[in-house]
Amino acid sequence: MPASTNNFQEIPVIDLALADDPKSLPALLSALRVALIDIGFLYVSNHKVPSQVIQDLVDILPILFGLPDNAKNKIALENSKHFLGYSAVGSETTAAKADAREQVEFATELTAWPSEIPELRPIVEKYIQELTLLGERFLSLVAQALDLPKEAFQPFLSDQHRLKAVHYPAAAPDSGITQGVGPHTDSSGWWTFLLQASERHVRGLQVLNKTGDWIDVPVLPDTFVVNVGQAFEVLTHRTCKATIHRVLSTRDERYSIPFFQGVRRDLTKKEALESFQEHFSTFEPDASIESDVGRVVDSPFLRGKYDTWGESQLRTKIRSHRSNGQKFYPQVYNKYVEDDA
Ligand SMILES: O=C(O)CCC(=O)C(=O)O
Ligand SMILES: [Fe+2]
C-alpha cells in the first residue's frame, strides 16, 4: 500500500470495554492493529483505572509544583543516581534544545519525598499500581492484535516502571518560548500511558505523521494516550513504530502524567530481534518516507550501538541530564555524550 493512503490525520480511540465480550473483541483487535501498525499512537477509553485514583493525582499536581523552590530542590533529580526526583524548567535537553517544563520523576527507588505533602506518596504508588495493571491488560490485547498468544510480551516486562509528573508553564506569546518538549520518541520503555491532566481547551501535544505534518492530540476526558516506545519498535521489527511527538508551549499552563511501562534492563538487542523474527517477517512494515525530523531523532537501541536495553537507557538519561551524568557516571560520561549514535 503506498504510504500516502495510510497516513494519519488524527489519533484513534480504542474502546477497551469491547474486550469484555468475546463477540466484540475482534472489532477491538482489528482497530488496535491499525493503530499499532499505521500510527503508533492511540487513546484508550473504558480503561478501568478507577477515576478517584486519577483524580487524586491530578488534584495534587498544582500543589506539588506550587511548592517553593527550596522544597522542590530538596528532592532534586540532580542528587539522584537513578535520575528520579525534581528537575526545574530548562534543565532537560531534547533535540539539542532546552525544554520549557518542570517535572518530578517517580519509581520505586525514589527515597526523598516532599515532606510538605505526605499524601503524595500513597497517591503516586496507587496510581503506579493501577497503571501497571492497565499496561499488562493492554499488552495482552496488543499481542492478540498482532496474531500472537496473549502472554507473548509478558517475559520482556520489567518489575519497575516510571511515572513522571510534568508541568509546562504558560508561555507569553512574545516570549519566544515554543518548546515544551522537543521532538522525540519515548526511550523509557515498552509503552507509554499518558494522562493529559489539564482542561479540554489546553493544547500542546502533537504527533508527527508520515508526511511530516504535526497532528494535534487534544485532551479527551477519561482516556489515556498510549504510544509505542523504542524497545517495542525493535521487538516488532518496526512493525509498530515509536512515533515522534512533541509538546508546544502555549499561553496556557499544562499538566501531564506519563507512565513508562518498563522493559527488563538485561534485554539485549539480539534477544529482542530474534524473539519474533519469523513472526514479524510476515508483516510488511510500511517502508514509508521518514521525514527530516524523523531522521535526526535519537534512537540508540534501534540503531544498535549498545547491547542491552539498560545501557541505552543510561546513555539517554545521561545525555538528558548531563550534570547527573558527570557526577554519578564519570567513567562513561564522555563516551555517551560524545556519541551521537
Ligand atoms: O506532556 C506530554 O503530553 C507528553 C510528554 C512526553 O512526551 C514525554 O515526557 O515523553
Ligand atoms: Fe514522549
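This report covers the sheets, helix packing and selected loop residues of a predicted model.

## The eight-stranded sheet

One sheet is open and holds eight strands in the order 1-2-12-9-14-7-6-3. Its pairing is mixed. Strand 1 (13-15) and strand 3 (85-87) are the edge strands, and each pairs on one side only. Neighbouring strands are turned by 25 degrees against each other on average, direction ignored.

Within this sheet, strand 9 (residues 191-196) and strand 12 (residues 224-228) run antiparallel. Four bridges join them. L194 stands opposite V225 in strand 12.

Two helices can be placed against these strands. Helix 2 packs on the sheet and touches strand 6 (102-106), strand 7, strand 9 and strand 14 (254-260). The direction of helix 2 makes about 55 degrees with that of strand 7. Helix 1 lies across strand 1 and strand 2. Helix 1 runs at about 150 degrees to strand 1.

## The four-stranded sheet

A further open sheet has four strands in the order 8-13-10-11, with antiparallel pairing. Strand 8 (179-184) and strand 11 (214-216) stand at the edges. Each has a single partner strand, so one side of each lacks a neighbour in the sheet. The twist averages 30 degrees from one strand to the next.

The pairings can be followed across the sheet. Strand 8 is joined to strand 13 (residues 245-248) by three bridges. There, V181 has V247 of strand 13 as its bridge partner. Three bridges also join strand 10 (residues 205-208) to strand 13. Strand 10 is joined to strand 11 by three bridges as well. Q206 stands opposite R246 in strand 13, and Q206 also stands opposite D216 in strand 11.

Strand 10 and strand 11 form a hairpin with five residues between the strands. In that hairpin, G212 takes a positive phi near 85 degrees.

## Two helix crossings

Helix 1 (residues 25-39) and helix 4 (residues 120-145) have axes that come within 9 Å and cross at roughly 85 degrees. That makes the two helices roughly perpendicular. On the helix 1 side, the contact uses L28, L29, L32, R33 and L36. On the helix 4 side, it uses L141, V142, Q144 and A145. By class, the contact has seven nonpolar, one polar and one charged residues.

The axes of helix 10 (residues 309-320) and helix 12 (residues 330-338) also come within 9 Å, and they cross at roughly 85 degrees. Helix 10 and helix 12 are therefore roughly perpendicular to each other. R315, I318 and R319 of helix 10 meet Y333, Y336 and V337 of helix 12. These residues divide into four nonpolar, no polar and two charged.

Helix 10 has further detail. Its buried residues are W309, S312, Q313, R315, T316, K317, I318 and R319. The contact residues R315, I318 and R319 are thus listed among the buried ones. At 1.5 Å a residue, the 12 residues of helix 10 should span 16 Å. The end C-alpha atoms are 17 Å apart, which agrees.

## Loop residues

Three loop residues are compared below by their count of C-beta neighbours.

| Residue | Loop | C-beta neighbours inside 10 Å | Class |
|---|---|---|---|
| F153 | helix 4 to strand 7 (162-168) | 24 | buried |
| N46 | strand 2 (41-45) to helix 2 (51-65) | 14 | partly exposed |
| D147 | helix 4 to strand 7 | 12 | exposed |

F153 is buried because 24 C-beta neighbours lie inside 10 Å, and the cut-off is 20 or more. Not counting residues up to four places away in sequence, F153 touches L139, V142 and A143. V142 also takes part in the contact between helix 1 and helix 4. F153 and L36 are 117 residues apart in sequence. In space they are 15 Å apart, C-alpha to C-alpha.

D147 lies in the loop between helix 4 and strand 7, where F153 is found too. Phi of D147 is positive, near 65 degrees, in a residue other than glycine. D147 counts as exposed.

N46 also has a positive phi without being glycine, with a value near 50 degrees. N46 sits in the loop between strand 2 and helix 2 and counts as partly exposed.

Technical notes. Residues numbered from 1 in each chain as written. Chains lettered and ligands numbered in written order. Predicted model: local features only at pLDDT ≥ 70, side-chain atom pairs only at ≥ 80, totals over all residues. Pairing = 2+ DSSP bridges. Axes fitted to C-alpha atoms, helices over the stretch in contact; angles between N-to-C directions. Parallel < 35°, antiparallel > 145°, perpendicular 65-115°, else oblique. Contact = placed C-beta atoms within 7 Å. Nonpolar A, V, L, I, M, F, W, Y, C, P; charged D, E, K, R; others polar. Expected span 1.5 Å × (residues − 1).
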